[in-house]
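Please read these notes with the model open beside you. They are numbered so that you can take one point at a time.

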Amino acid sequence: MLPAREEAEKLLEEAEKCNPGPWGNHSRVTARCAEQIAKKCSGMDSDKAYILGLLHDIGRKFGVRHLGHVSDGYSYMMSLGYDEAARICLTHSFNRHIIDDYIGKFDTTEEELKIIRDALDKVHMDEYDRLIQLCDSIAGAEGVMDIEERMGDVKRRYGAYPQEKWDCNLKLKEHFEEKMGKDIYSVTADSITNDLYGDLGYGHTSLR
């Protein structure tokens with residue numbers, strides 16, 4: 001199940017009040033990119049893509065955490081009965097289905113890590129999982145970024161980026177470009193406008 005579009009937007013707004021930061025606008029950029037790409041892909045629901053993109057990082061509501069935001073988001077969405085959103089909170093960080101690919105601190109308890117492992121073991125990723133993984137990899141807080149520039153920024157900030165994960169993101173880009181018959185940036189370029197988000201006041205390199 002998923003919340004309605006308006007409810008998802010409200011959930012994100014409430015979450016930002018608990019933990020303000022550029023992650024909120026990063027989520028909006030991800031959502032708009034997912035919506036635009038889904039519109040060009042046969043059989044995909046653009047509203048669903050938007051909602052999933054909007055909520056993929058909702059675990060950041062509970063504070064500045066690394067891997068912890070995955071378990072926080074998954075548990076929070078499950079508690080609300082939104083299992084499809086919970087799934088995306090989980091899968092957006094693991095494009096190869098491997099926990100050790102996570103970039104950042106493993107700041108979970110043993111119980112939280114077990115929640116992630118057990119849930120991930122049950123998942124068979126679909127096109128929505130892949131779409132949000134792709135959009136997460138091109139979404140800055142102020143707009144769409146070149147995928148390699150975005151990954152390079154993450155690598156500089158965290159000191160590493162698994163080559164297999166990097167290559168997988170590039171394959172996701174190719175996959176959706178083939179589905180659309182269009183360049184990914186031509187589809188997403190006009191997704192974010194100044195009049196939509198105003199002066200965000202955040203740099204795209206400061207996602208938390």
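1. Start with helix α3, which spans residues 46–55. Nine of its ten residues are buried, so the rest of the structure largely encloses this helix. The buried ones are Ser-46, Lys-48, Ala-49, Tyr-50, Ile-51, Leu-52, Gly-53, Leu-54 and Leu-55. Keep in mind throughout that this is a predicted model.

2. What covers the buried residues of α3? The cover includes α1 (5–18), α2 (23–40), α4 (68–79), α5 and α7. At the start of α3, Asp-45 has a side-chain oxygen that comes within 2.9 Å of the backbone nitrogen of Asp-47.

3. Asp-47 also appears in a network of salt bridges, where it is linked with Arg-5, Arg-32 and Glu-35. As background, side chains of opposite charge can pair when their charged atoms come close. The count for the model is 17 salt bridges.

4. Three individual pairs deserve a look. In one salt bridge, Arg-60 and Asp-57 have their closest N and O atoms 3.5 Å apart. Both Arg-60 and Asp-57 are buried. Another salt bridge joins Asp-72 to Arg-65, with 3.0 Å between the closest N and O atoms. Asp-72 has a relative accessible area of 14%, so it counts as buried, the cut-off being under 20%. Arg-65, at 18%, is therefore buried by that cut-off too.

5. The third pair is Arg-150 and Asp-136, a salt bridge whose closest N and O atoms are 4.0 Å apart. Arg-150 belongs to helix α8 (residues 147–158) and Asp-136 to helix α7 (residues 127–136), so this pair ties together parts that are 14 residues apart in sequence. Arg-150 and Asp-136 are both buried.

6. Check the backbone at His-97. Most residues other than glycine have a negative phi. His-97 is not a glycine, yet its phi is positive, at about 65°. Where is His-97 placed? His-97 sits in the loop between α5 (83–91) and α6 (110–122). Is His-97 buried or partly exposed? Its relative accessibility is 31%, so His-97 counts as partly exposed.

7. Last, consider confidence. The chain has a mean pLDDT of 91, and 91% of its residues reach 70 or more. Over residues 193–208, however, the pLDDT is below 50. Beyond near neighbours in sequence, that stretch has 38 contacts in the model.

Methods: Residues numbered from 1 in each chain as written. Predicted model: local features only at pLDDT ≥ 70, side-chain atom pairs only at ≥ 80, totals over all residues. Heavy atoms only, no water. pLDDT = per-residue confidence, 0-100. Contact = heavy atoms within 4.5 Å. Helix = DSSP H or I, 4+ residues; strand = E, 2+ residues; numbered from the N terminus. Buried < 20%, exposed > 50% of the residue type's maximum accessible area, 1.4 Å probe, protein only. Salt bridge = Lys/Arg side-chain N within 4 Å of Asp/Glu carboxyl O. Polar contact = N/O pair within 3.5 Å; in protein donor to acceptor, adjacent residues only side chain to side chain.
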